[in-house]
Amino acid sequence: MVETFQDQYRLAYRILRFSSYLLLGGVIAQFFSCLNAYLIISDSQAAGMLAHILIQHLSYYILGCTFITLSLANVLIKREQYGLRVIRMPALVLILVTATSSFLLIPRMDFLRETALLDGMPVALSPFANYFAILNGLTFVSVATQMICCGLMAWRLSKPRSTQVAPY
């Protein structure tokens, strides 16, 4: 009697794929929402504030989906589904980048904005303008890194040979 182990974890693989696709869609929506804020709003300081609020609020969604994906993948790896090791590193980088941008960079930029407004000027004219521009650039790089990591996870989970599951 021959058993196929691929059928045993089919639902788990579908959940992994579904959560990675949701994650990728959320990160792409985050990117386009931030881009629209900069394109539609003529005041760059207000557009940046709106974009950073979007990034911070969507970070909880991104962290939750990534944690679920990583946890389920680790459970399946413990059950000898070693093809899922390829999504560990992108998931960990995604968690690190999302947490860094949402809990370190953006609160620091909010502080710089408030300090400049207390002095009666926008942040672009304050003495902290260069520091703020560096932090804003790092936030953009973190959003781009999020897109790359999510795309990599979704791509690796969609390939049948990487997860050792027969195509549906």
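Is Asp110 buried, exposed or partly exposed? Asp110 is partly exposed, at a relative accessible area of 25%. The close-ups below come from a predicted model.

**Figure 1. Asp110 and Arg113 form a salt bridge.** The N to O distance between the two side chains is 2.8 Å. A search of the whole structure finds one salt bridge. Both residues sit in helix α3, which spans residues 88-118. Asp110 and Arg113 are three residues apart, so about one helical turn separates them. Side chains of opposite charge can pair when their charged atoms come close. Arg113 counts as buried, at 4% relative accessibility. Its partner Asp110 is partly exposed.

**Figure 2. His52 is buried in helix α2.** The relative accessibility of His52 is 2%. Because that value is under 20%, His52 counts as buried. Leaving out residues up to four places away in sequence, His52 touches Tyr38, Ile106, Met109, Arg113, Asn136 and Thr139. One of these contacts, Arg113, is also the salt-bridge partner of Asp110. His52 lines the largest pocket too.

**Figure 3. The largest pocket holds about 200 Å³ of space.** Rolling a probe the size of a water molecule over the atoms shows where empty space is left. Three helices each supply at least two residues of the lining: α1, α2 (44-78) and α4 (129-158). The lining includes the aromatic residues Phe31, Tyr38 and Phe140. Cys34, Leu35, Ala51, His52 and Ile55 also line the pocket. Asn136, Thr139 and Val143 complete the list.

**Figure 4. Gln30 is buried in helix α1.** Helix α1 covers residues 10-40. The relative accessible area of Gln30 is 0%. This value is under the 20% cut-off, so Gln30 counts as buried. Setting aside neighbours within four places in sequence, Gln30 is in contact with Ile55, Leu58, Ile62, Val143 and Gln146. Of these contacts, Ile55 and Val143 also appear in the lining of the largest pocket.

**Figure 5. His57 is exposed in helix α2.** The relative accessible area of His57 is 56%. Because this value is over 50%, His57 counts as exposed. His57 and Gln30 are 27 residues apart in sequence. Their C-alpha atoms lie 9.9 Å apart in space. Gln30, by contrast, is buried.

**Figure 6. Five residues make a nonpolar surface patch.** The members are Ile28, Phe32, Leu35, Leu39 and Ile40. The patch covers about 500 Å². Phe32 belongs to helix α1. At a relative accessible area of 44%, Phe32 is partly exposed. Leu35 has two roles here: it is part of the patch, and it lines the largest pocket.

**Figure 7. Glu80 has a positive phi.** The angle is near 70°, in a residue other than glycine. Glu80 lies in the loop between α2 and α3. Glu80 counts as exposed, with 55% relative accessibility.

**Figure 8. Asn74 and Arg88 are 8.1 Å apart, C-alpha to C-alpha.** In sequence, 14 residues separate the two. Asn74 is in helix α2. Its relative accessible area is 26%, and Asn74 is therefore partly exposed. Arg88 falls within the residue range of helix α3, 88-118.

Terms used:
Residues numbered from 1 in each chain as written. Predicted model: local features only at pLDDT ≥ 70, side-chain atom pairs only at ≥ 80, totals over all residues. Heavy atoms only, no water. Helix = DSSP H or I, 4+ residues; strand = E, 2+ residues; numbered from the N terminus. Buried < 20%, exposed > 50% of the residue type's maximum accessible area, 1.4 Å probe, protein only. Contact = heavy atoms within 4.5 Å. Patch = residues over 30% accessible without salt bridge, like charges linked within 9 Å, V, L, I, M, F, W, Y side chains within 5 Å. Areas by Shrake-Rupley, 256 points an atom, 1.4 Å probe, with all protein chains shown as cover. Salt bridge = Lys/Arg side-chain N within 4 Å of Asp/Glu carboxyl O. 1 Å grid on protein atoms, 1.4 Å probe; cavity = no way out; pocket = protein on both sides within 12 Å on 5 of 7 lines; lining within 4 Å. Points joined across faces, edges and corners; volume = space filled by probe spheres on them.
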